[in-house]
Amino acid sequence: MPELPEVENVRRSLLQLVQGKTIQGVEASWPKIIKQPLEVEQFYDALRDQTIHDLQRKGKFLIFILDDYALVSHLRMEGHYSVNQNGDPADKHTHVTFMFSDGTELRYRDVRKFGTMHLFKKGEEDKELPLAKLGPEPFSPSFSSEYLKVEFQKTERIIKTVLLDQTIVAGLGNIYADEVLYKAKIHPERKAKTLTEKEIEKLSREMAQTLEDSIVAGGSSVNTYMDSMGLSGTYQERLKVYGRNGEACLDCGTILEKTKVAGRGTHFCPTCQKNP
DNA sequence: ATCAGGACCTGGCAGC
DNA sequence: TGCTGCCAGGTCCTGA
């Protein structure tokens with residue numbers, strides 16, 4: 001399930017494979033992935049003869065920068081891009097294919113069909129959903145522990161829910177939310193507004209550090225994630241709580257627990273992360 | 001206004 | 001063995 005570090009690794013590997021290529025045609029065998037425009041024919045027409053100039057990322061979204069358009073793509077849990085030769089055998093989970101003028105094609109594969117694509121006129125993408133309401137990333141200049149403190153004070157919600165809210169901070173998903181709460185020794189069900197200044201400072205440092213470390217490690221290959229070169233990440237070996245329920249806490253030896261918080265599987269150490 | 005929970009999907013696996 | 005049914009997850013939408 002790609003979160004920010006995984007999407008960043010996809011961006012870096014895929015950019016090398018598609019930059020400068022011109023789209024000759026598009027085919028979607030599962031058009032529901034394309035959310036905007038509403039008519040898939042308009043999607044095909046708009047993309048014809050467009051050249052890919054850049055591939056950017058905001059939070060967990062990939063943004064293909066074309067001549068006149070920006071294509072915003074979210075991989076959700078299992079979305080995956082690859083570049084193939086035109087005649088390569090098709091995979092039954094490939095749902096959108098972008099055919100290039102050089103005989104290669106970009107294939108979007110997504111077993112669960114959860115991914116989304118939105119096409120906007122270039123420059124309009126930031127003004128519309130899904131990008132419009134994205135908050136800052138943990139390493140962006142507008143992010144700070146002061147910013148977090150203000151946001152936490154505004155809500156009655158528990159901290160885990162707030163960390164997963166992309167309008168507050170962009171980029172954390174279920175894996176890294178559990179990891180940073182563990183590292184900051186904060187119980188996932190604490191109300192965000194009850195966190196002390198020290199805890200918020202620790203938490204905001206861990207958010208940036210954890211995501212950066214994971215990017216360098218190639219992301220976490222939990223389940224099926226690979227980058228567009230087919231490489232797996234290694235950060236899953238460094239996860240301290242996610243998926244380790246039943247095993248010993250690396251700090252205190254207590255058996256790690258898994259519960260459900262806000263409808264999500266949530267891993268934590270009942271000793272290190274007390275709920276007062 | 002705020003927030004919780006449902007819908008979207010399918011492969012994998014536990015339980016009968 | 002073969003079936004059922006639940007779980008995984010991020011985001012938008014709905015309704016309380």
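A residue is called buried when its relative accessible area is under 20%, exposed when that area is over 50%, and partly exposed in between, using a 1.4 Å probe and the protein chains only. By this rule Lys185 is partly exposed, because its relative accessible area is 40%. The structure is a predicted model, in which local features need pLDDT of at least 70 and side-chain atom pairs count only at pLDDT 80 or more, while totals for chains, interfaces and linings use all residues. Residues are numbered from 1 along each chain as its sequence is written, chains are lettered from A and ligands numbered from 1 in the order in which they are written, and side-chain values use heavy atoms, with hydrogens and water left out.

The overall form of the protein comes first. Chain A contains six helices and 11 strands; helices (H or I, at least four residues) and strands (E, at least two) are DSSP runs numbered from the N terminus. Along the principal axes, the C-alpha atoms of chain A fill a box of roughly 60 × 35 × 30 Å. The radius of gyration of chain A is 20 Å, which agrees with the value near 19 Å for a compact globule of 276 residues; this radius is taken over C-alpha atoms, and the globule rule is 2.2 Å times the number of residues to the power 0.38. Of the 276 residues in chain A, 55% are buried. Contact means heavy atoms within 4.5 Å, and among the contacts in chain A with a separation of 6 or more, 63% are between residues 24 or more positions apart.

Two residues illustrate the buried part of the chain. Val96 belongs to strand β7 (residues 94-100) and counts as buried because its relative accessibility is 0%. Beyond the residues up to four places away in sequence, Val96 touches several others, including Val26, Ala28, Leu106 and Met117. Its C-alpha atom is 9.0 Å from that of Ile34, although the two residues are 62 apart along the chain. Ser214, in helix α6, is also buried, since its relative accessible area is 0%. Apart from neighbours within four places in sequence, Ser214 is in contact with Pro5, Glu6, Asn9, Tyr176, Gly219, Ser220 and Tyr235.

Helix α6 (residues 197-216) also holds Glu206. Glu206 is buried because its relative accessible area is 15%, and its contacts, neighbours within four places aside, are with Val180 and Lys183.

The protein also meets two DNA strands. A residue is near a strand if one of its heavy atoms lies within 4 Å of it. Around DNA strand B are residues including Trp30, Lys92, Arg112, Lys113 and Glu156. The surface near DNA strand B is made up of three nonpolar, two polar and six charged residues; here Ala, Val, Leu, Ile, Met, Phe, Trp, Tyr, Cys and Pro count as nonpolar, Asp, Glu, Lys and Arg as charged, and the others, Gly among them, as polar. Of the atoms of DNA strand B within 4 Å of the protein, 70% belong to sugar or phosphate and the rest to bases. An N or O atom in the side chain of Lys113 is 2.6 Å from a phosphate oxygen of this strand, and a backbone N or O atom of Glu156 is 2.9 Å from a phosphate oxygen. Arg112 places a polar side-chain atom 3.3 Å from a base oxygen of DNA strand B.

Arg112 also takes part at the other strand, where an N or O atom of its side chain is 2.8 Å from a base nitrogen of DNA strand C. DNA strand C is surrounded by 17 residues, of which the closest are His74, Met77, Arg112, Gln166 and Tyr242. A side-chain N or O atom of Tyr242 is 2.4 Å from a phosphate oxygen of DNA strand C. The surface near DNA strand C consists of five nonpolar, five polar and seven charged residues.

Some backbone features remain. Most residues other than glycine have a negative phi, and most peptide bonds are trans. Lys113, in the loop between β8 (104-109) and β9, has a positive phi near 55°. Lys185, in the loop between α5 (174-183) and α6, likewise has a positive phi near 55°. Cis peptide bonds join Gln36 to Pro37, with omega about 0°, and Leu129 to Pro130, with omega about 10°.

Definitions and conventions
Polar contact = N/O pair within 3.5 Å; in protein donor to acceptor, adjacent residues only side chain to side chain.
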